[in-house]
Amino acid sequence: MAESGMIASNAPKPSRLRIGRRYRANRLDGPYDAILVGSGIGSLTTAALLSEAGKKVLVLEQHYTAGGFTHAYDRNGYEWDVGVHYIGDVGGHPTMTRRLFDFLSAGALEWAPMDGTYDRICIGEQQYDLRAGPENFRRELLQSFPGEEKTLDRYFERIAAVGKAMPLLTMEKLLPRWCAPGLSLLKKWRLPSYLNRTTYEVLRELTDNEELIAVLTGQWGDNGMTPKTSSFIIHALIAKHYMYGGFYPVGGASRIAETIIPRIQESGGEVFTYARVETILLDGHRARGVRMADGTEILAPVVISGAGVFNTFERLLPHSATEAAGYDRQLQDVEPSMAHLCLYIGLQKTAEELGLPKTNYWLYPSVDYEGDVDRFLADSEAEIPLVYISFPSAKDPSFNARYPGRATIEIVAPGRYEWFEGWKERPWGKRGDDYEALKEAFSQRLLEHLYRHFPQLRGQVDYCELSTPLSTAWFCEYQRGEIYGLDHDPQRFEQGWLRPKTRIKGLYLTGQDIMSCGVAGAMYGGVIAAQSILGWRRGVPLLRRVFSGSAPGEYTVPSARAPG
């Protein structure tokens, strides 16, 4: 699609950027100790840790490339990420997240820091910078909000309190269910009462300055829920995650899967793409493998789903099994997260020539986040309540070498699945002129937001295309186009069944639905899934070594018995 608004007559060509091996039944090399459905970062993490423990694992991805929301794609001479806009906690200081990435990638995954201002919150005509480092963060905000020292100090205390609570909340997902009453009492005794209230309620106790609350919650798009609907847990996890700045994978988002897959292959495992799982096979009340879309049955004593709880219990399992295990009722207690639009932009100059920053821009019309969102979701012609702008080519120091003389931008905004649902039965790239016209209208609106803040880009756009919730459903199998799995409201964090081990023997869950959203959240979901499968005797020594920063390959398997 050209900037002039003309819609391309030819359907876009699929990306040539492919990670993983194409599935063929004759390429299977069983028996396997475990099968994973989906290749998002949660699945890749679980698979790599099981492989390190000596297990032969098979990862099955229905998309043409591995990585889930960490994958990237190229088209018309440009490359974009689809979800890895920035990662926190991977700088020089030795965090658990950095050590985990280093372990999974055997040190091959490198990170480039963004600007000291990693996020710029723009509310109406005002701009506020979120600076890397707690002291810089505090100092910067006090310039705009003098006299709020105590508010910010108490804010940092509450952010830290959530971090201290996470080991107990994580342990709750690993201990047997009969421990639940005791853990509930322990949580009431040890954890602050505000932990799982809404973000707005918690911050309103600290200050009545609505502008300051809006700035502190200006990253709410990272979890898809406004401050009055989200749990303070998810707000604090995200704020803490980026407190020391944002980083970007050198070589682009696809380097994440590309560097982890060799760890899976070390024990004879593989990651297959174009590998659609039709159903999880059961032997009575126990998972015994999967049946592929081509009819091939692949058996293993452990099946791990990284496809999300709705896909797992509504699509992959027979309804009778879901009903017998009680998951049909529990799915009614959670909601899919927000859907989105994303405009992928290509420009025929470098990021440096165009003056593109390594800072993310969050654009809001007002501090009334909830009201603005409600009005937009009720009427797509209303003002867009959140526009997020990311500059991947500026963040990646290798981009110029890979794509000389080019630059890329991504613009993300909320979007309802229902606006596009009428075209869901048509295949990607062939949904018709009326669908393309709707996309074009949204694209031009998003471009105007870009030009408002970067007027030098008007007339510079060479190529752009818009993804809709249908794109997410088509490529990532999230049926309502959701991008963060489940809503992260207070009720979600009260669901004791959102844990790796299911009530169906041999069936486990991994990814963002069992912990929290985002790359790091899904990755830690992968960690506790591996721990749950390996058990305390085999899992704890492995995780100790992972987080101590030990070199890969030093783990001795305590038992050769298959997991589960």
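The legends below accompany close-up views of a predicted model.

**View 1. The largest nonpolar core, with Val290 among its best-connected members.**
This core holds 101 residues, and Leu60, Val290 and Val309 touch the most other members. Helix α4, which runs over residues 149–172, gives the most to this core, with 10 residues. Another core lies apart from it, made of 47 residues, including Ala66, Phe101, Ile304 and Leu542. If you centre your viewer on Val290, look for its contacts with Ile35, Val37, Leu60, Val277, Thr279, Ile280, Leu281, Thr296, Glu297, Ile298 and Val303; residues up to four places away in sequence are not counted here. As a general backdrop, nonpolar side chains tend to be buried together in soluble globular proteins.

**View 2. Helix α1, enclosed by the rest of the structure.**
Helix α1 covers residues 41–52. Because 12 of its 12 residues are buried, α1 is largely enclosed by the rest of the structure. Among these buried residues are Gly42, Ser43, Thr45, Thr46, Ser51 and Glu52, alongside Leu44, Leu49 and Leu50. The geometry of α1 is easy to check: at 1.5 Å a residue, its 12 residues should span 16 Å, and the end C-alpha atoms are 16 Å apart, which agrees. Just after α1 comes Gly54, with a positive phi of about 90°.

**View 3. Ile41 and its surroundings in helix α1.**
Ile41 has a relative accessible area of 6%, so this residue is buried. Leaving aside residues up to four places away in sequence, Ile41 touches Gly67, Thr70, Ile256, Ile260, Val519, Ala522 and Met523. For a sense of scale, Ile41 and Glu465 are 424 residues apart in sequence and 26 Å apart in space, C-alpha to C-alpha.

**View 4. Helix α8, its N-terminal cap and its packing partners.**
Nine of the 10 residues of α8 are buried, so this helix is largely enclosed by the rest of the structure. The buried set includes two histidines, His235 and His241, together with Phe232, Ile233 and Ile234. These buried residues of α8 pack against β6 (87–88), α4, α6 (199–204), α7 (210–216) and α19 (518–548). At the N-terminal end, Ser231 caps α8, with a side-chain oxygen 3.1 Å from the backbone nitrogen of Ile233.

**View 5. Tyr118 and Tyr242, one of 30 aromatic pairs in the structure.**
The ring centres of Tyr118 and Tyr242 are 6.4 Å apart and their planes meet at 25°, so the pair counts as stacked. This pair links distant parts of the chain: Tyr118 sits in strand β8 (residues 117–123), while Tyr242 sits in the loop between α8 (232–241) and β10 (246–249), 124 residues apart. Tyr118 and Tyr242 are both buried.

**View 6. Phe420 and Phe442, a tilted aromatic pair.**
The two rings lie 6.0 Å centre to centre, with 45° between the planes. Phe420 belongs to the loop between β19 (407–414) and α17 (433–453), and Phe442 to helix α17, 22 residues apart. Phe420 is buried, with a relative accessible area of 0%, and Phe442 counts as buried at 3% relative accessibility. Zoom out a little to find the cluster that ring pairs build from Phe376, Trp419, Phe420, Trp423, Tyr435 and Phe442.

**View 7. Two lysines placed over tyrosine rings.**
Lys56 lies over the face of Tyr32, 5.6 Å from the ring centre. Lys228 lies over the face of Tyr200, at 4.7 Å from the ring centre.

Key. Residues are numbered from 1 along each chain as its sequence is written. This is a predicted model: local features need pLDDT of at least 70, side-chain atom pairs count only at pLDDT 80 or more; totals for chains, interfaces and linings use all residues. Side-chain values use heavy atoms; hydrogens and water are left out. A nonpolar core is a set of buried Ala, Val, Leu, Ile, Met, Phe, Trp, Tyr and Cys residues joined through side-chain atoms within 4.5 Å. Buried means under 20% relative accessible area, exposed over 50%, partly exposed in between (1.4 Å probe, protein chains only). Helices (H or I, at least four residues) and strands (E, at least two) are DSSP runs, numbered from the N terminus. Contact means heavy atoms within 4.5 Å. Rings of Phe, Tyr and Trp (its six-membered ring) pair if their centres lie within 6.5 Å; planes under 30 degrees apart count as stacked, over 60 as edge-to-face and the rest as tilted. A charge sits over a ring if NZ of Lys or CZ of Arg is within 6 Å of the ring centre and within 35 degrees of the ring normal. A polar contact is a pair of N or O atoms within 3.5 Å; within protein, one must be able to donate a hydrogen and the other to accept it, and residues adjacent in sequence count only if both atoms are side-chain atoms. The expected span of a helix is 1.5 Å times one less than its number of residues.
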